Amino acid sequence: TLGGTGRTAGAKQEPKHETLRRALLDLVEASAPHDPLPSERELMTRYDVSRVTVRRAVERLGQEGRIYRVQGSGTFVADRETISKSLHLTSFSEDIRARRMTPAGRMLLMERVPADVVNARDLFVEPGTPLIHLERLRTADGEPMCLENVWLPETLLPGLLDRGEPASLYDELERAGAAPDSAQQTVRATLVDATQATLLNVPPQFPALCVERVTRDARGRAVERAVSLYRADRYDFTFTITRER
Ligand code: 16G
């Protein structure tokens with residue numbers, strides 16, 4: 001149970017939910033990211049407090065970003081280290097190295113597919129044009145960060161499918177004279193499905209940032225359409241914005 005607060009007599013007694021909040025914070029700090037927190041009922045018993053007290057303490061920690069809730073499965077320890085991205089056009093490999101971590105990953109799929117309507121529109125090719133499709137799980141220091149699907153015209157990187165897994169797609173494009181130069185990007189919030197959750201090593205229905213990018217080279221050719229799904233606890237986007245005069 002929660003002991004005395006150690007305050008001297010006469011001082012105002014600390015509210016119970018605040019004492020519990022600090023006890024839970026110690027628990028959070030001693031846990032690994034994504035560890036589950038005990039249930040409301042367990043906390044009531046363990047600390048001998050009311051449901052209202054538990055809820056207030058948990059709510060505060062949630063507001064402080066130390067824990068997160070997944071509807072239907074419980075409360076988990078938040079991962080505080082996020083990777084920030086600025087408005088420069090960078091690759092995943094560059095983003096991760098800039099944080100002094102090692103990028104790596106696992107190729108889940110590497111295939112030739114005919115362009116569907118969406119890819120045809122965004123890459124400005126006829127539907128049915130041969131595209132290379134890569135699906136990669138991308139990691140930083142071995143930890144899954146992002147699930148990425150990329151489509152690009154096969155004519156840009158003719159030998160890629162035979163050469164096998166590229167370490168960096170942007171390096172490949174640069175070598176092929178189609179260096180990424182600018183991109184149109186859309187970011188939206190989403191929840192991962194069961195398969196994505198397993199690959200990203202997060203609970204099902206975990207929040208994610210879905211980033212869609214159509215990238216062009218300096219001549220304006222569309223060189224890729226990419227859909228990247230980032231774990232929302234490990235990624236954020238930072239922009240420098242200026243006011244037009
Ligand atoms: C980033 C890009 C993705 C690109 C990849 C290349 C975003 C949202 N997406 O993940 O479009 O295909 O980098 O990375 O940043 P690589 O050169 O390390 O293979």
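I began with Y68, which stands opposite F76 in β2. I was working in a predicted model.

**The hairpin**

I looked up the strands around that pair. Strand β1 covers residues 67-70, and strand β2 covers residues 74-77. They pair in the antiparallel sense, over 4 bridges. I then checked the turn. The hairpin of β1 and β2 has 3 residues between the strands. In this hairpin, G72 takes a positive phi near 85°.

**The sheet**

Next I traced the strand order of the open sheet. I read β4-β5-β6-β9-β8-β7, which makes 6 strands with antiparallel pairing. Which strands stand at the edges? I found β4 (103-114) and β7 (180-191) there. Each has a single partner strand, so one side of each is left without a neighbour in the sheet. I noted the twist too: it averages 15° from one strand to the next.

I picked out β6 and β9 for a check of their pairing. These two strands pair in the antiparallel sense, over 6 bridges. I asked what stands opposite C146. The residue is Y230 in β9.

**The ligand shell**

I turned to the ligand and listed its surroundings. I counted 15 residues around it. The closest are S91, S93, S168, Y170 and A226. Which elements give two or more residues to this shell? I noted the helices α4 (92-98) and α7 (169-175). The strands are β6 (143-153), β8 (207-217) and β9 (222-231).

Last, I sorted the shell by residue class. It divides into 6 nonpolar, 5 polar and 4 charged residues.

Definitions and conventions
Residues are numbered from 1 along each chain as its sequence is written. This is a predicted model: local features need pLDDT of at least 70, side-chain atom pairs count only at pLDDT 80 or more; totals for chains, interfaces and linings use all residues. A residue is near a molecule or strand if its C-beta atom, placed from the backbone, lies within 6 Å of it. Ala, Val, Leu, Ile, Met, Phe, Trp, Tyr, Cys and Pro count as nonpolar, Asp, Glu, Lys and Arg as charged, and the others, Gly among them, as polar. Two strands pair if DSSP finds at least two bridges between them. Axes are lines fitted to C-alpha atoms, for helices over the stretch in contact, and angles run from 0 to 180 degrees between N-to-C directions.
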